[in-house]
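Colleague: Mind if I quiz you on how you label things in this one? Pull it up first.

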Amino acid sequence: MEKKCFIAGLPQAGKTTYIAALWDVIQREKGDFELQFTTSPQNASYLNEIWEYWMKMEKIERSKVPVPEDIKINVKRKLNGDELELDIPDFMGEQFQKIIDRTLPESIMQWIAQSDRMLYLINLLEDANKDDVDNEESASDGIDRTKEKEEATSLTPERMLDVSQNLMVLKYISSHSKIDKIAVGLSAWDNKLSSGKSPEDFLKDRAPVLYNFIKYHFRDHLFFGVSAQGFDYKDKESKGKDMKDKAKQSNRAFIVYGDEKDVSFDLTRPFNYLIS
Ligand SMILES: Nc1nc2c(ncn2[C@@H]2O[C@H](COP(=O)(O)OP(=O)(O)O)[C@@H](O)[C@H]2O)c(=O)[nH]1
Ligand SMILES: [Mg+2]
């Protein structure tokens with residue numbers, strides 16, 4: 001059986017970092033992972049490049065190597081030897097934003113239409129009010145600001161609330177594909193651990209509309225938190241050395257799977273969920 005799965009999410013959702021951390025797991029093959037991966041070598045240069053940033057604990061800059069639209073990863077379930085082929089493109093998040101203003105390229109439309117599974121990342125909402133800007137001009141210096149004002153209030157995808165953008169993207173995907181099973185990852189979970197909430201409860205609290213949309217439009221859904229970096233790079237000075245050691249033991253990046261209280265270092269688990 002062959003299933004097509006893709007990783008989706010808006011720009012800054014954490015897709016590339018997750019793929020880099022996953023590639024670390026795949027290469028190392030150390031630790032107690034549910035899945036085993038092999039990857040076609042033609043994409044290795046891109047994967048290696050993002051992995052190097054990940055190792056150095058630096059933000060992943062726009063790749064110098066062309067971003068492959070198609071990263072094929074063969075997956076084997078250790079438990080029973082089931083094999084599957086996941087097709088994981090590291091599409092730019094901007095591509096998904098094109099859903100919103102209806103400029104999505106035909107090739108990606110087809111991609112979505114042919115997929116069975118999706119891992120969807122959401123980088124929650126630190127600035128949920130970012131577009132709730134008060135556009136009232138306070139200055140009365142006689143300068144005509146009509147044009148400025150128009151620009152400031154025109155609702156391009158970038159200016160919409162993350163929640164609205166995510167809703168529109170998910171709405172498109174749910175009605176233009178046969179995807180009925182998704183794994184929803186809340187990224188940068190290192191920043192959310194202190195909330196003490198499960199990822200599902202966190203989303204329900206922060207973005208009830210989005211949460212309900214997911215729940216009622218995709219038959220099977222898993223919520224998980226993921227910290228693909230393991231920590232916030234702004235703390236590199238204080239935590240960097242410790243994190244480097246952890247990376248060597250494959251326990252820097254972690255996920256919080258479903259309602260589990262403990263963190264897990266097996267980043268492959270959401271895929272294990274998706275392949276069955
Ligand atoms: N604190 C924290 N930040 C993260 C984590 N993963 C990604 N980020 C940050 O989120 C931003 C977007 O990540 P990126 O992987 O480039 O997102 P993409 O646009 O979806 O590919 C970057 O600034 C990352 O440093 C994480 O695990 N923890
Ligand atoms: Mg990216």
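Modeller: Sure. Keep in mind that the model is predicted. Helix 1, residues 15-28, gives the largest share of the shell around ligand 1, with three residues.

Colleague: And what makes a residue part of what surrounds ligand 1?

Modeller: A heavy atom within 4 Å of the ligand does it. There are 18 such residues, and Lys15, Thr16, Thr17, Asp190 and Gln229 are the closest. By type, the shell has six nonpolar, eight polar and four charged members.

Colleague: Why is the pair between Thr17 and ligand 1 called a polar contact?

Modeller: A ligand oxygen lies 2.5 Å from a side-chain N or O atom of Thr17. The cut-off for N or O pairs is 3.5 Å, so that pair counts. For Thr16 the distance from a ligand oxygen to a side-chain N or O is 2.8 Å, which is also within 3.5 Å, so it qualifies too.

Colleague: What about Asp232?

Modeller: Here a nitrogen of ligand 1 sits 3.3 Å from a side-chain N or O of Asp232. That is within 3.5 Å, so it is a polar contact as well. As for cover, the protein takes up 87% of the 580 Å² of accessible area that ligand 1 has on its own.

Colleague: How do you know that strand 1 and strand 5 pair?

Modeller: Pairing needs at least two bridges, and these strands have four, so they pair. They run parallel, and Ala8 has Tyr120 as its bridge partner in strand 5.

Colleague: Which way do the side chains of strand 1 point?

Modeller: Cys5 and Ile7 go one way, Phe6 and Ala8 the other, and all are buried.

Technical notes. Residues numbered from 1 in each chain as written. Chains lettered and ligands numbered in written order. Predicted model: local features only at pLDDT ≥ 70, side-chain atom pairs only at ≥ 80, totals over all residues. Heavy atoms only, no water. Polar contact = N/O pair within 3.5 Å; in protein donor to acceptor, adjacent residues only side chain to side chain. Areas by Shrake-Rupley, 256 points an atom, 1.4 Å probe, with all protein chains shown as cover. Nonpolar A, V, L, I, M, F, W, Y, C, P; charged D, E, K, R; others polar. Buried < 20%, exposed > 50% of the residue type's maximum accessible area, 1.4 Å probe, protein only.
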